[in-house]
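Work through the exercises below with the model open beside you. Each task is followed by a stepwise solution.

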Amino acid sequence: MDKELAKQLKRLLDRWESGQPQARDPKPGCHRWLPTDADPSRLAPLPNWQGPELAPLVGLEDEIRQLRANTKAFVAGKHANHAVLTGPRGCGKSTVMHGVAAEFKGKAAIVKVSCEHLALLPLLAEALSKSKLRFLLLCDELSFGAHDRGLLAAKSALDELDGGQPPMLLYATSNRRRMVPESHADNQDGSDADELHPGEGAEEKVSFSDRFGLWLPFFTPEQEEYL
């Protein structure tokens with residue numbers, strides 16, 4: 001082969017490879033996932049991240065215990081469930097999620113993800129497939145619009161994570177119990193002029209919630225408990 005042609009082919013190959021997802025070897029600790037078109041696996045380390053203290057939280061002992069046990073099982077290579085913490089704002093959902101995750105940041109890679117990027121999780125998993133770490137994904141304020149196209153993509157992405165490599169677990173908080181708005185029309189059988197089978201549409205909306213095996217509801221405390 002002509003040397004000049006070989007050089008051109010090598011340059012083209014290098015340019016092509018530079019646009020492909022690059023395998024990462026992150027360290028235990030906390031990272032923020034910042035995917036781009038050129039690099040959907042980009043992880044930005046957060047070396048100074050510290051989770052909130054859990055000891056001062058009163059009335060949330062059972063929620064902390066369940067999430068801690070689930071996380072402990074995950075980092076030990078045992079069965080664990082995706083978890084969602086639901087309830088009104090200000091009830092401690094995010095504090096508990098981040099506080100428990102911080103207890104295990106020396107044994108797993110904690111990755112903060114945005115709701116809008118959930119559909120890209122298979123690309124991240126593919127790029128990290130050779131990593132020996134376990135990845136705990138944290139998503140604050142998870143929710144979708146009633147007709148959000150990203151809902152089905154996110155649901156499929158979670159299905160692909162289960163049993164894949166590397167092991168990934170998603171923890172999320174949501175102000176909505178179902179994470180998807182529901183309407184009275186969802187409960188009407190055949191009366192929706194725009195859909196022949198509205199009941200199936202309603203099932204499609206809530207099926208994403210079923211991907212979370214661990215549900216932890218949070219409630220507004222009574223005045224006496226709050227004080």
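**Exercise 1. Find the residue of strand 2 that stands opposite H31, then describe how strand 1 pairs on that side.**

Solution.
- Step 1. Look across from H31: P45 in strand 2 stands opposite. The model is a predicted one.
- Step 2. Read the direction. Strand 1 and strand 2 run antiparallel.
- Step 3. Count the links. Three bridges join strand 1 to strand 2.

**Exercise 2. Describe how strand 1 pairs with strand 4, and decide whether strand 1 is largely enclosed or not.**

Solution.
- Step 1. Take the ranges. Strand 1 covers residues 29-33, and strand 4 covers residues 109-112.
- Step 2. Read the sense of the pairing. Strand 1 and strand 4 are parallel, with four bridges between them.
- Step 3. Name bridge partners in strand 4. C30 has I110 as its partner. R32 has K112.
- Step 4. Check burial, which requires under 20% relative accessible area. Four of the five residues of strand 1 are buried, so the rest of the structure largely encloses this strand.

**Exercise 3. Give the strand order of the sheet and state which strands stand at its edges.**

Solution.
- Step 1. Write the order. The seven strands follow 2-1-4-5-6-3-7. The sheet is open, and its pairing is mixed.
- Step 2. Go to the edges. Strand 2 (43-45) and strand 7 (214-217) stand there. Each has a single partner strand, so one side of each lacks a neighbour in the sheet.
- Step 3. Add the twist. From one strand to the next, the average is 25°.

**Exercise 4. Which strands does helix 2 lie across, and which does helix 3 touch?**

Solution.
- Step 1. Start with helix 2. It lies across strand 3 (83-86), strand 5 (135-139), strand 6 (168-174) and strand 7. Helix 2 runs at about 155° to strand 7.
- Step 2. Move to helix 3, residues 93-102. Helix 3 packs on the sheet and touches strand 3, strand 4, strand 5 and strand 6. Its direction makes about 155° with that of strand 6.

**Exercise 5. Describe the crossing of helix 2 and helix 3, and list the residues that make the contact.**

Solution.
- Step 1. Take the geometry. The axes of helix 2 and helix 3 come within 10 Å and cross at roughly 40°.
- Step 2. Assign the hand. Helix 2 passes helix 3 in a right-handed crossing.
- Step 3. List the contact. Helix 2 supplies I64, L67, R68 and T71, while helix 3 supplies V96, M97 and V100.
- Step 4. Sort by class. The contact has five nonpolar residues, one polar and one charged.

**Exercise 6. Where does D62 lie, and how far in space is D62 from L216?**

Solution.
- Step 1. Place D62. This residue is in helix 2, residues 61-75.
- Step 2. Check exposure. D62 has a relative accessible area of 37%, so it is partly exposed.
- Step 3. Compare sequence with space. D62 and L216 are 154 residues apart in sequence, yet their C-alpha atoms are 9.4 Å apart.

**Exercise 7. Summarise the whole chain: how many helices and strands are there, and what share of residues is buried?**

Solution.
- Step 1. Count elements. The protein chain has seven helices and seven strands.
- Step 2. Order them from the N terminus: α-β-β-α-β-α-β-α-β-α-β-α-β-α.
- Step 3. Take the burial. Of the 227 residues, 41% are buried.
- Step 4. Take the surface. The protein chain exposes about 13500 Å², with 50% supplied by carbon and sulfur atoms.

Definitions and conventions:
Residues numbered from 1 in each chain as written. Predicted model: local features only at pLDDT ≥ 70, side-chain atom pairs only at ≥ 80, totals over all residues. Heavy atoms only, no water. Helix = DSSP H or I, 4+ residues; strand = E, 2+ residues; numbered from the N terminus. Buried < 20%, exposed > 50% of the residue type's maximum accessible area, 1.4 Å probe, protein only. Pairing = 2+ DSSP bridges. Axes fitted to C-alpha atoms, helices over the stretch in contact; angles between N-to-C directions. Contact = heavy atoms within 4.5 Å. Areas by Shrake-Rupley, 256 points an atom, 1.4 Å probe, with all protein chains shown as cover. Left-handed = near helix turned anticlockwise from the far one by under 90°. Nonpolar A, V, L, I, M, F, W, Y, C, P; charged D, E, K, R; others polar.
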